[in-house]
Structure formats: structure tokens, C-alpha cells
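Student: I would like a close look at one part of this model, taken slowly and with the criteria spelled out.

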Amino acid sequence: YRDKDIKRIACRVFINLGMNAVELLQMPRLRPENLDRHFKITGRENLDNALSRGKGVIMLTSHLGNWEYMGAYFALKGYKGSVIARRIYYKPYDMFLRKLRSSAGVLSIDRNSSVRRMIKILKGNGILGILPDQDTNKVSGIFIKFLGFPAYTPTGPVALAKSTEAAIVPSFIVRKNGYHHIYVEEPIRIVDTGNKAETLRINTEQWSGVVEKYVCKYPEQWVWMHRRWRTKE
């Protein structure tokens, strides 16, 4: 990118975040009957087909577009599940945000919650929403290339999928002109090499590659201010 392109993208990143904040306050107004006015979806059949297996779905997304609205969309469409969320240290805001989510039927579980709770959701054929596109050195992870640089990346999605047979379904929400477009990709085909470390690496690279594709396509809607490459090898 040229300097002027970087400045343009940076400006639009903050515009997108500002719009997210305003829309978040409007979340209680979302209703099943008005969803189709604000959202379009491509690939919903990929989610439904994955759920038809009865093993649950790990809906893997990123901090792109208005990611809070994606959870609201599926909850209001009648899908059951929870989203893993990092607890915000300022408790009043954390409670406020969780209340907004619950207004749309989105249930939050803390990132540090028992893995058994996450497994229970998947065993009940529910959806577990995960946003593993940030540098989180408090969880198990490995270094893989992201946008050309080594980035510490959580291995939890693959480990959960392996232990529960749940499908990993990459899904993303993108802000378009006057509406939000949700894209549901085909499930990640889990490769089992027989070697645990290699299996984690290969499949983590798979889902991270899908995230990378969307970040490259819609760079003005990703949270670039996060220090994605903070942890060093």
C-alpha cells in the first residue's frame, strides 16, 4: 500500500468503529421481523448442513465489520448457542455490553470459562462463536504467518473441533452500503496427520488463511489498532 492508501484505510477503520458504537446502542431494536431489512446472507446452507450432523458448530469469525451484529442476527433467526467474549476490566461497561447482547438473545461466556461449558454447548448441537484473530498470549497457541508475519494464534478452535467433532464454520459480517452482509464459508476440512502438533498447526493455518482473505478484501473494516503481532517468538 502507498502512504495515501494507508491513511485512507486508517480513517475508514475509525469511521467503521464509530458506526459500530452507534449501531450497538440500537441492538435492542433488532427484531426477527425486521432483520431482512438490515442484513443479507450468503452461504447459510453451509451452517445448516454443518448443524445437521448433530455435532455442533464452532462459528469462527473475526473483529471485522460489526461483529456484534452477526451474533444478534443468528440468535434472532432462532439459532442456539453462545459467543466466547473477553471480560472487559471496567465492570460497568462489561455488564452494559452483555446486557445489549442479551437483548438480542446473544449469550456470552467468559473466555476463561471452563472448557466443559464450551463442550456442553457443542454436544447439544449448538453454535459456539469464537473470535480468535487477536494476539491473546493467555491461551494456548502457536506462531503461524498472518499477512506475511509470524503471529501468535490460538489453537483452541482446532483442539475443540478435534475433541467434539464439531465443524469449524468461518463466518464474517461486512458493512455494505446501507446494510450488513454475512458470508458463511464452507466448513474447514480438518486434516489429521497423526501428529498432534502438526495437526494443530495445519488446521490453524487453514482457518487463519480464511480470516486473512477477508481482512485483505475489507481492510477498512478490521481492527488494525490491535497489536496483532505483539507476542514475539
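Which residues does L128 touch, not counting residues up to four places away in sequence?

Tutor: This is a predicted model, in which local features need pLDDT of at least 70 and side-chain atom pairs count only at pLDDT 80 or more, while totals for chains, interfaces and linings use all residues. Residues are numbered from 1 along each chain as its sequence is written, and side-chain values use heavy atoms, with hydrogens and water left out. With contact taken as heavy atoms within 4.5 Å, and leaving aside residues up to four places away in sequence, L128 touches V57, I58, M59, S82, I84, I109, M118, I121, L122 and L160. L128 is also one of the residues with the most contacts inside the largest nonpolar core, which has 30 residues, and I58, L64, L160, I168, V211 and Y214 are listed with L128 in that respect. Such a core is a set of buried Ala, Val, Leu, Ile, Met, Phe, Trp, Tyr and Cys residues joined through side-chain atoms within 4.5 Å, where buried means under 20% relative accessible area, with a 1.4 Å probe and protein chains only. Strand 2, helix 6 (115-123), strand 5 (127-130), helix 7, strand 8 (167-175) and helix 8 each supply at least two residues of this core, the helices and strands being DSSP runs numbered from the N terminus (H or I, at least four residues; E, at least two). The largest share, six residues, comes from helix 8. A second, separate core of 28 residues includes L35, I127, A167 and V184. Away from these cores' membership lists, N66 is found in the loop between strand 2 (57-60) and helix 4 (67-76), and N66 counts as buried because its relative accessibility is 2%.

Terms used:
Buried < 20%, exposed > 50% of the residue type's maximum accessible area, 1.4 Å probe, protein only.
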